[in-house]
Structures are given as structure tokens and as C-alpha cells.
Amino acid sequence: MTTDFRNDVRRVRRPLFAAVAVLLLAVAPTAMVAKTTADMVTDKESLKAFVMDARRHVESLTDYNDVIALRETLREQPTWVAGETYLVFMLTDGSVSFHAGDRSAEGKNALGMRDDRGVEVVKAMMEAADNGGAFVDYVDGELKTSYVTKLVTAVGKLTVYVFGGYSQDLSSAPSAMMDIPKPTVTASEVVDKETLVAFVDAAAAAYRRAYESENQGNIMATRNAFREEGGHWRAGSVYLWIVGSEGMTILHAVEQYREGKPTDMDRVDSNGLPFPKLLIGGALENGRQFLEYYYDNPEISGDEQTGSPKFGYAVTFNAPNSDQKVVIGSGIYPKSDH
């Protein structure tokens, strides 16, 4: 198995060096400027202006990569974060898709959250947004005010509720969940080229289904499933990652802090092989790509500098409601033939 896989990789590697020269020509994300920054929010009107600045910008984005980059742009201080003034994005079922104040809240479902009075504040805020946007008071230790509005993204056509001034602790909120069909090959069953292909292809299909579902919360539920250690989609060193066509990380099942940040396309392994460029670039050009490279194996002590042989596989599909491309991939450390 290993010999055949390496032969396949070598056959496709040669033409890729020429091809990647015209791939992944990263364009800087559209600059996001707020007339009213987070540190300027002092009253209701400035809070509303802050939220509406964000809404107008998000609605203007037509490039999927710019949308991905928002995850980091909106964490910038003091433009978008100042104390408890920041933005929270939720989908129609109450799933938190973005939280500038607490990354760990992303993927939670906040719909049932109550304030200190017992009022279901998130439901109240979403209802206010459905009626054109409004201020909603809530009690969280003290009386606080949030402004909530609603938008539909140009890319993906997602309905998003934008909260400003909502800073309630969401650690008690449940994770967004859904019944995702078990893949034919789970992460723990990936042992060779064939099982790796089946695993990644199944993940791509599951991710597309989530975006095509009428329940937008399935998007966050699918991401949660991909991140679950010991689940069907993550086991040991086998995990999934999703990257946009310009290298912006959409999902990293193990290292969530990478999401919304650019992948280092020029990174090389211990042999000087630019593996992100070859693997992601090859998938963008060919639809799918295999690559053999060296990478630190967490199960092996002492290979931190040299890395261990790894087989990567990536496949491309269109971003939801768009002709822009997305790459999803994974990899394995093959066992020695000896």
C-alpha cells in the first residue's frame, strides 16, 4: 500500500511546481473601517452606530475569503473590542457562529439563555431584530443594554443576527448538535490511501449538506462534530482542516485559534518542500490532491525538527451558494512496511 501511494504522489508532484505559481495569489482582505469604534461606545446611539457599521460592512462582502477573515478582524482592539463592547454573531437557531469576547463560546447554542431575571434574553433580542432591530435591556449582575440587528450575507446567503453590547457568560450554553450520519470510514479507521480518501470525501459531503440544510445551525453542529476528540471525525493524529481559496483557515479541528487566519503557504518541511502550497494549490487546480511530506508526529518523541513521513489528501468543492472554492483535507502517518 505505502509504495503505491508514494508512486501516486510522485507522479502528480512534478507538474504542481509550475502550476502553483498562478494559484493562491492571496488578496488582502477588504479593509474593515468603523466610523464608530468599540472604544467610542458610551451610550445607546453610539452602540447602535457601532453595530450598524459592522452590519454594513458584512453585507458588502462578496468574496468568501474576506468573510473568513472577519473572525480575526473583529477581534481587533480597540476598533472592534473594548471591554464588554464587542460583536456576537448568531445563526437563526441561536448557534453562536462568532464571539469576539470569548472564542470558546463559538459553536454553543445560546437560544435558551436567561438573564438574572429569568428572561430568555437571546430569544427576545432575536425577535427585536426580526422587527427591524432594537435595543434590548437585560440583567447580568447589573442592568445592561444590547443592540441587535439582522442581515443576510452576500456570500452563502446566511441569515445572521448581529449583537452589540451582549456580554453574558455563555459557558453554560449547550453545544450545537445534530445527527450527522456516521461516515463509512471514521477517523479511527483511516489507515491507508483508500480509507483516507473515503474519510475526507465523506467530510466534504457532510459540510456541504450542513450549508444546504434549512437549519443553519447545522453548520456549527457539523464543525463541533469535526472537533470532537474520539468522535467519528477526529481520532489521535487524524483530523480535518478546511481552507479557503486564498489560504484563509475556515476550520482546524485541533487548533481552533488558527481559524480566520491565513495559512502560511510558504511553509516548508525538513526537506524544503512547500507542502501547504502543493497540497492546497494542487487540490484547487485538480479537484483533489495527494502529497507526501514530513510533519511532526505527536505520537513520536524526537521528530519535532525533522518530522515524520505523512500522507496528505485534500479535495475541493464550491463554497455554499458561490462559485468560489474551498479545500478540505486530512492526513495520516503511515506505518512502516518493515
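Over the ring of which residue does the charged end of K44 sit? In this predicted model, the charged end of K44 is placed over the ring of F135, at 5.3 Å from the ring centre. A second contact of this kind involves R208, whose charged end sits over the ring of F317 at 5.5 Å from its centre.

The main sheet is described next. Five strands make up an open sheet with antiparallel pairing, and their order is β2-β1-β5-β4-β3. Strands β2 (96-99) and β3 (134-139) stand at the edges with a single partner strand each, so one side of each lacks a neighbour in the sheet. On average, neighbouring strands of this sheet are turned by 25 degrees against each other, direction ignored. In general, the strands of a sheet pair through backbone hydrogen bonds, in either a parallel or an antiparallel manner.

The individual pairings can be followed across the sheet. The edge strand β3 is joined to β4 (residues 143-152) by six bridges, and the two run antiparallel. Within this pairing, A134 has V148 in β4 as its bridge partner. On pairing with β5, strand β4 again runs in the antiparallel sense, over six bridges, and K150 stands opposite Y161 in β5. The hairpin of β4 and β5 has six residues between the strands, and G156 there takes a positive phi near 90 degrees. Strand β5 is also joined to β1, by four bridges in an antiparallel arrangement. Here the bridge partner of L87 is G164 in β5.

Strand β5 is mostly covered, with six of its six residues buried. The cover extends to both faces: T159, Y161 and F163 are buried on one side, and V160, V162 and G164 are buried on the other. Helix α2 lies across β1, β3, β4 and β5 (159-164) and runs at about 25 degrees to β4.

Aromatic contacts form a further group, with a count of 14 aromatic pairs. One of them is the tilted pair of F50 and W80, with 5.5 Å from centre to centre and 40 degrees between the planes. F50 belongs to helix α2 (residues 44-60) and W80 to the loop between α3 (64-73) and β1 (87-90), so this pair ties together parts that lie 30 residues apart in sequence. F50 and W80 are both buried. Another tilted pair is formed by F163 and Y166, whose ring centres are 5.7 Å apart and whose planes are at 45 degrees. Both F163 and Y166 are buried. Elsewhere, F199, Y207, Y211, F226, W233 and F317 form one aromatic cluster. F317 in this cluster is the residue whose ring lies under the charged end of R208.

A separate hairpin is formed by β6 and β7, with four residues between the strands. Strand β6 (residues 241-244) pairs with strand β7 (residues 249-252) in the antiparallel sense over three bridges. W241 stands opposite H252 in β7. In the turn, G247 has a positive phi of about 90 degrees.

The last element considered is strand β8 (residues 288-295), which contains Q289. Is Q289 buried or exposed? With a relative accessible area of 3%, Q289 falls under the 20% limit and is therefore buried. The side chain of Q289 makes a polar contact with the side chain of N286, at 3.0 Å.

Conventions: Residues numbered from 1 in each chain as written. Predicted model: local features only at pLDDT ≥ 70, side-chain atom pairs only at ≥ 80, totals over all residues. Heavy atoms only, no water. Buried < 20%, exposed > 50% of the residue type's maximum accessible area, 1.4 Å probe, protein only. Polar contact = N/O pair within 3.5 Å; in protein donor to acceptor, adjacent residues only side chain to side chain. Pairing = 2+ DSSP bridges. Phe/Tyr/Trp six-rings, centres within 6.5 Å; stacked < 30°, edge-to-face > 60°. Lys NZ or Arg CZ within 6 Å of the ring centre and 35° of its normal. Axes fitted to C-alpha atoms, helices over the stretch in contact; angles between N-to-C directions. Contact = heavy atoms within 4.5 Å.
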